[in-house]
Amino acid sequence: MDSICVATDLHGDADRALARAARLAQRHGARLCVVSVLPGTAQDAEISAREATLKAMISQRPEYPSLTVEIVVACGDPVSEVHHAATRCGADLVVVGPHHQGGLLDSMRLTTLEKLVQAAPRPVLLVTAPVEAEYREVLAPVDFSAACAAAVTAARALAPTAEIRLLHAVGVPYQTVVAAPGAVGEITQMVDPKPFVDDAVTQAQDWLAANPALRGLSAPEPDTVALPRLVELAMAAQPADLICLGGHTKQGILDRMLGSFTADMIRKPPCDLLIAPAAG
């Protein structure tokens, strides 16, 4: 990792993104680009004041003496300007802070954030928790797509010493059967899940074998529980400090079917989130 771009709106806990980005930049020996976006109507005095604030913030970081830092204050559309800054500095990772109504990331919610992830050839790290240590526990819901492989690979790079747990929710269809004579209505029951679970086991083994960067990870144990519930149960059993998700997945972490899950994760993330597009 050679370059990291961190976007901050200076609201509330936005300094957490800067803290995590600085820590990652120091670990990887990467350049750090700090970008903040003001309205298109901002005056020169506002731009200068924002630059001074950012310089003061980054200079207070303990990692600062060892970092190569560039500060960018842009005016206009936040998503376009963050994407432009990340592209210009050759960022391998974009780091953003928690959402605040009316702040820099206000327009990066939901559809706009999905577009940013889909368009950007780099992972996006959403930082919500205080930065106290390296990531120790990573949870990775996977659907055996290239995007999920890219997300897990990125997580291994960000957290090389962390334990990574893979999850896979098996989609099992339902069938409608006619109720017994005298009963009212119909009964909907799950089709026998075993063939679907067995197929998922095979897919998991093939997926891990096809991705050398995932070598050493244990295959997920397929579960017929719905994905949101599966993540909830996994977090309750062993809390994670990072969840990684793949964009452009074949079942669609970002598509219409699972859009509500991703939207809920973005609105109320249980911990930091890493979203990655498919490699290449």
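The following paragraphs describe the nonpolar cores, one helix and several salt bridges of this predicted model. Local features rest on pLDDT of at least 70 and side-chain atom pairs on pLDDT 80 or more, whereas totals for chains, interfaces and linings use all residues. Residues are numbered from 1 along each chain, and side-chain values use heavy atoms, without hydrogens and water.

The largest nonpolar core (buried Ala, Val, Leu, Ile, Met, Phe, Trp, Tyr and Cys residues joined through side-chain atoms within 4.5 Å; buried means under 20% relative accessible area, exposed over 50%, partly exposed in between, with a 1.4 Å probe and protein chains only) has 48 residues. Helix α5 (residues 146–158) supplies its largest share, 8 residues; helices here are DSSP runs of H or I with at least four residues, and strands are E runs of at least two, numbered from the N terminus. Another core, of 30 residues, lies apart from it and includes Val72 and Val231.

Val231 also belongs to the buried residues of helix α7 (residues 227–237), together with Leu227, Leu230, Ala234 and Met235. These residues lie on the same side of α7 because they cover an arc of only 130 degrees around the axis, taken from the directions of the C-beta atoms. Ala236 and Ala237 are exposed on the face turned away from that side.

Salt bridges (a side-chain nitrogen of Lys or Arg within 4 Å of a carboxyl oxygen of Asp or Glu) number 7. In one of them, Glu134 pairs with Arg27, with the closest N and O atoms 3.4 Å apart. Glu134 lies in the loop between β5 (124–126) and β6 (137–141) and Arg27 in helix α1 (residues 15–28), so the pair ties together parts 107 residues apart in sequence.
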